[in-house]
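Biologist: Could you take me on a close look at the surroundings of the ligand, and then at how that part sits in the rest of the fold? I'd enjoy one connected walk through it.

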Amino acid sequence: MNIVKETTVPTRNLLQTDAPLFDALVRYANSETVSFDVPGHKMGALNTPFRDAIGEQALKMDVNSMVELDLLSHPKSVIKDAQELAAQSFGADHAFFLVNGTTVGIHAMLLASCKPGETLLVPRNCHKSVIDGMILSGVLPTFMQPEVDEQFGISHSVSAENVAKALKENPTAKAVLVTYPTYFGTMTDLKTICEIAHAAGAIVLVDAAHGAHLRSMEGMIDPIQAGADLVTTSMHKTGGSLTQSSLLLLQGNRITADKVRKVTSMLQTTSANYLLMSSLDAARRELALHGANAFQRLKPIIDEAIELIESGGHYEVLKNNNVSNRFLQSHDWTKLVIRVNGLGRTGFEVYSLLKQRYGIQMELAEGYVVMAVVTPADTTTTIECLTSALLDIERTCTKPHVLHSAWTVVDSVNELVMTPRDAFYAEQESVAIDDAIGRISADTLMIYPPGIPLVIPGERITCEVIQHYAYYEQAFGSVLSESKQSGSVTVVKGGF
Ligand SMILES: Cc1ncc(COP(=O)(O)O)c(C=O)c1O
């Protein structure tokens, strides 16, 4: 048996070729430590079906904070080093490891930047976690409308012009939150937004859940380069780490690192998972060392695939020049947004066909589109698999007419009668969805994915919300609500 010495790993001369936390964890897992601590599976000592399925080494690496492995809430050695390397590789001043996804990063951004009662400018098509962050923090939202793409039936980002207008109308706004890139990969002019917001004294927060890979891609501007103050990015989505692991990045001094550290440690578990944290460290190293080459390799494969997909005339793929001509925004080509309504079919139908007939799992469907996420894990073979399935569907499933629908984009502007936090704490009751018109919602109704709310707590439920709800229920059956009974919604009691 080895005696484990209580030493800390040197914190000097950090290089992107290092992965200090990952290496320390592997060393620990391979040591012959006799465990009398938690977790109680004791590094997978018991032979169980779960161990058979995930492998003994994974359980050996599922350990708790001990001196060799540092502590997320007060990092001094290997976690500190790993976070410093992450900050360096993303060009930020500080990086914080998150073990509850970008969701917790968004909550932390709101709590760190705004006091209760201060105003946050935010796109209405923000993710549900932003709405929940408003309830937790007590910030007052002022919603900005995103650009609506009728052709693809989706919404893009909010324009710099709309942000400037919102700042003019709300001169005391404390912060502006921007989704960059959007779920569909569109990117607004964030550099200009940062300049305008900073000139107006507002902090810029970026939900970059879908942008962990941007820094590795030629010609893309990542949120830190654009000048954002706080950025949360889901490394687990496109950066190669394990599900739930994200990064919170801080730049400049509009918010202190101390404040961010306090808030993240307040919101996160005291038993942060080392598999997740070490996967952040390992994925950062991969991206830093090999990311650029990997995306360069993929680009011509994707260009060729797009040409092939569009060759039959029924599909259209969302492209950078299209988005930039129509909306002055750019597009990330790793989000393959394919318009399929030319087949006379909804995106939901094509999504199901791809899954059932060809075993292809797409990231999401909408009324007119399906979307595939491409990462360095893809190869010519996987891309060919998708293109040939799409061409087969085109050959065998095309209807005579293009499909049109009034309900593909959630672009209605609902009246915000009370703050999401006030609605959350108000007395509530459950009513059938059809009886809810005119009532104030205490619920978030959303389509998942992408998790964009149809209505949020505090908003008045309109006829349009109900029609949208019915469309998604009927087309896809994936409208999520917090209400216990399906077909019902929680509203503020007596609120008309
Ligand atoms: C735009 C956006 N923001 C935030 C989130 C939350 O990210 P996470 O799953 O890492 O908590 C998501 C998740 O899909 C998202 O799409």
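Modeller: Happy to. Helix α5, residues 101–113, is the element that gives the most to the shell around the ligand, contributing three residues. Keep in mind that this is a predicted model. The shell holds 13 residues, and those that come nearest to the ligand are Gly-101, Thr-102, Thr-103, His-127 and Ala-209. By character, the shell divides into nine polar residues, three nonpolar ones and one charged one.

Now follow α5 away from the ligand. The helix lies across β1, β2, β6 (175–179), β8 (203–208), β9 and β10, and it runs at about 165 degrees to β9. Those strands belong to an open sheet of seven strands, with the order β1-β10-β9-β8-β6-β2-β3 and mixed pairing. At the edges stand β1 (94–98) and β3; each has a single partner strand, so one side of each is left without a neighbour in the sheet. On average, neighbouring strands of this sheet are turned by 20 degrees against each other, with direction ignored.

Two pairs of strands show what "mixed" looks like here. Strand β2 (residues 119–123) and strand β3 (residues 140–144) run parallel and are joined by five bridges. One bridge to pick out in your viewer is that of Pro-123, whose partner in β3 is Met-144. Between them comes the connection: β2, helix α6 (residues 128–137) and β3 make a right-handed β-α-β unit. By contrast, strand β9 (residues 230–233) and strand β10 (residues 246–250) run antiparallel, joined by four bridges. In that pair, Thr-233 stands opposite Leu-247 of β10. As you look along any of these strands, it helps to recall that in a regular strand the side chains alternate between the two faces of the sheet.

To finish, here is a helix pair to look at. The axes of helix α1 (residues 20–30) and helix α12 (residues 274–310) come within 7 Å and cross at roughly 135 degrees, which makes α1 oblique to α12. From α1, the contact is made by Pro-20, Leu-21, Phe-22 and Leu-25, and from α12 by Tyr-274, Met-277, Ser-278, Asp-281 and Ala-282. The residues of this contact divide into seven nonpolar, one polar and one charged, while the ligand's shell has nine polar residues and three nonpolar ones, along with one charged residue.

Key:
Residues are numbered from 1 along each chain as its sequence is written. This is a predicted model: local features need pLDDT of at least 70, side-chain atom pairs count only at pLDDT 80 or more; totals for chains, interfaces and linings use all residues. A residue is near a molecule or strand if its C-beta atom, placed from the backbone, lies within 6 Å of it. Ala, Val, Leu, Ile, Met, Phe, Trp, Tyr, Cys and Pro count as nonpolar, Asp, Glu, Lys and Arg as charged, and the others, Gly among them, as polar. Axes are lines fitted to C-alpha atoms, for helices over the stretch in contact, and angles run from 0 to 180 degrees between N-to-C directions. Angles under 35 degrees count as roughly parallel, over 145 as roughly antiparallel, 65 to 115 as roughly perpendicular and the rest as oblique. Two residues are in contact if their C-beta atoms, placed from the backbone, lie within 7 Å. Two strands pair if DSSP finds at least two bridges between them. A crossover is right-handed if, with the strands pointing away from the viewer, the path from the first strand over the helix to the second runs clockwise.
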